[in-house]
Amino acid sequence: MKKPIRKIGVVAGAATAALALAVSPAMAVPSTVWTVSPSPSPVPVSATNSGNIVLSVNGIAMTCTKSTATASMSSATGNPATVASISAIAFGATGTPCTSVLGTVSTVATTPWTIVAQDYTAATGVTKGYVGNVDAKVTVGACVFRVTGKASGTYTNSTGKLSVNSLAGELTVVSSTGCGAAVPVGAKPTFKGNYLVKKTGTTVIPTIVGSNP
C-alpha cells in the first residue's frame, strides 16, 4: 500500500509545481505605473474645447461650441487607473448655448467625473482610456433626461489634447421626462469632442506616462 501512496504524492507534487510555473509569470507582471507631470502631483488643470462638443441621441445632435472643465491630475498605479478627477464641467456659455433641432440645450453635470488610463504607447505619447463616472441631466424644452456611463478617449502628451469619442453602448439614458420617442429610457447616446488641457493659470501641458517597472 505504501508504493501507490508514494506515487500519488509524487504525481500531485509534480502537478502542483507545473501549476506554479504556469501561474507565477502572469502573477509576477507588475501593475502599470502612471506618472503625471509636472510634479508635484496632484496637478490642477483646466480644459477648453477645441471644436464642437456633440452629444447625439437617436440621431439628434446636441452641439456645444463652448465647453470648459477643471480637474486635478494625479500619478497612480494600476490598470486601469484613475489619473484625473474632473471637479466641474460646463457645456455652453452665456450668449452661446448648446443647440439642437429640438431647441436650446442645457446640461448640468453631476461630478466628479474621472479620467481612467488603460494603455500607453511610448512612441506616440498617447494614453488610451475613458472618461468615467459620467452623469449629466440634459434639458431641451420640455424634454429632460439623464445620461450616465463612460466615454472612451485618448490623451496626447505633445498637444495636451483629450479626445473623447464614446463607443455605442457606453452611455445610457437612465431617465426621461417629456421626451416621448425622441429620447426614450434605454437610448444609447454618443459623446464626442476634443479638449485642450493645461496646468491651471499657465501654458504648461501636463503629461501622462505609463510604465511597467
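**Close-up views of a predicted model**

**Figure 1. Phe91, a buried aromatic residue.** At a relative accessibility of 13%, Phe91 counts as buried, because buried means under 20% relative accessible area. The model shown here and in the views that follow is a predicted one. Trp113 is buried as well, like Phe91, and the relative accessible area of Phe191 is 8%, so this residue also falls in the buried class.

**Figure 2. An aromatic cluster built from Phe91, Trp113 and Phe191.** These three residues form one aromatic cluster, and the structure as a whole holds 2 aromatic pairs. In the pair made by Phe91 and Trp113, the ring centres are 6.4 Å apart and the planes stand at 40 degrees, so this pair is described as tilted. It links distant parts of the chain, since Phe91 belongs to strand β7 (residues 81–91) and Trp113 to strand β10 (residues 113–121), with their positions 22 residues apart in the numbering. In the pair made by Phe91 and Phe191, the ring centres are 6.1 Å apart and the planes are at 75 degrees, so the arrangement is edge-to-face. Because Phe91 lies in strand β7 while Phe191 lies in strand β15 (residues 190–199), this pair ties together parts that are 100 residues apart in sequence.

**Figure 3. The nonpolar core and the surroundings of Phe191.** The largest nonpolar core has 48 residues, and of these Met62, Phe91, Trp113, Phe145 and Phe191 touch the most other members. Strand β7 supplies the largest share of this core, with 6 residues. Which residues does Phe191 touch, not counting those up to four places away in sequence? They are Ile53, Val54, Leu55, Phe91, Trp113, Ala151, Val164, Asn165, Ser166 and Leu171.

**Figure 4. Cys98 in strand β8.** Cys98 is placed in strand β8, which covers residues 98–100, and with a relative accessibility of 1% Cys98 counts as buried. When its neighbours within four places in sequence are left aside, Cys98 is in contact with Thr63, Cys64, Phe91, Gly92, Thr104 and Val105. Although Cys98 and Val140 are 42 residues apart in sequence, their C-alpha atoms are 9.7 Å apart in space.

**Figure 5. Strand β12 and the strands that pair with it.** Strand β11 (residues 126–140) pairs with strand β12 (residues 143–156) in the antiparallel sense, over 13 bridges, and within this pairing Asp135 stands opposite Thr148 in β12. The two strands form a hairpin that has 2 residues between them, and Gly141 in the turn has a positive phi of about 60 degrees. Strand β12 also pairs with strand β14 (residues 171–177), again in the antiparallel sense, over 6 bridges, and here Arg146 stands opposite Ser175 in β14. In addition, 4 bridges join β12 to strand β13 (residues 161–165), and these two strands run antiparallel. In β13, Lys161 is the bridge partner of Thr156. Strands β12 and β13 form a hairpin with 4 residues between them, where Gly160 in the turn has a positive phi of about 70 degrees.

**Figure 6. Ser152 and its contacts.** Ser152 is found in strand β12; is this residue buried or exposed? Ser152 is buried, with a relative accessible area of 17%. A polar contact of 2.5 Å joins the side chain of Ser152 to that of Glu170. Leaving aside neighbours within four places in sequence, Ser152 is in contact with Gly129, Tyr130, Ser163, Val164, Asn165, Ser166, Leu167 and Glu170. Tyr130 has a further partner in Lys150, which lies over the face of Tyr130 at 4.4 Å from the ring centre.

**Figure 7. An open sheet of 3 strands.** The strands of this open sheet follow the order β6-β1-β16, with antiparallel pairing. Its edge strands are β6 (76–77) and β16 (207–211), each of which pairs on one side only. Strand β1 (residues 33–37) pairs with β16 in the antiparallel sense over 5 bridges, and in this pairing Ile208 in β16 is the bridge partner of Val36.

Technical notes. Residues are numbered from 1 along each chain as its sequence is written. This is a predicted model: local features need pLDDT of at least 70, side-chain atom pairs count only at pLDDT 80 or more; totals for chains, interfaces and linings use all residues. Side-chain values use heavy atoms; hydrogens and water are left out. Rings of Phe, Tyr and Trp (its six-membered ring) pair if their centres lie within 6.5 Å; planes under 30 degrees apart count as stacked, over 60 as edge-to-face and the rest as tilted. Buried means under 20% relative accessible area, exposed over 50%, partly exposed in between (1.4 Å probe, protein chains only). A charge sits over a ring if NZ of Lys or CZ of Arg is within 6 Å of the ring centre and within 35 degrees of the ring normal. Two strands pair if DSSP finds at least two bridges between them. Contact means heavy atoms within 4.5 Å. A polar contact is a pair of N or O atoms within 3.5 Å; within protein, one must be able to donate a hydrogen and the other to accept it, and residues adjacent in sequence count only if both atoms are side-chain atoms. A nonpolar core is a set of buried Ala, Val, Leu, Ile, Met, Phe, Trp, Tyr and Cys residues joined through side-chain atoms within 4.5 Å.
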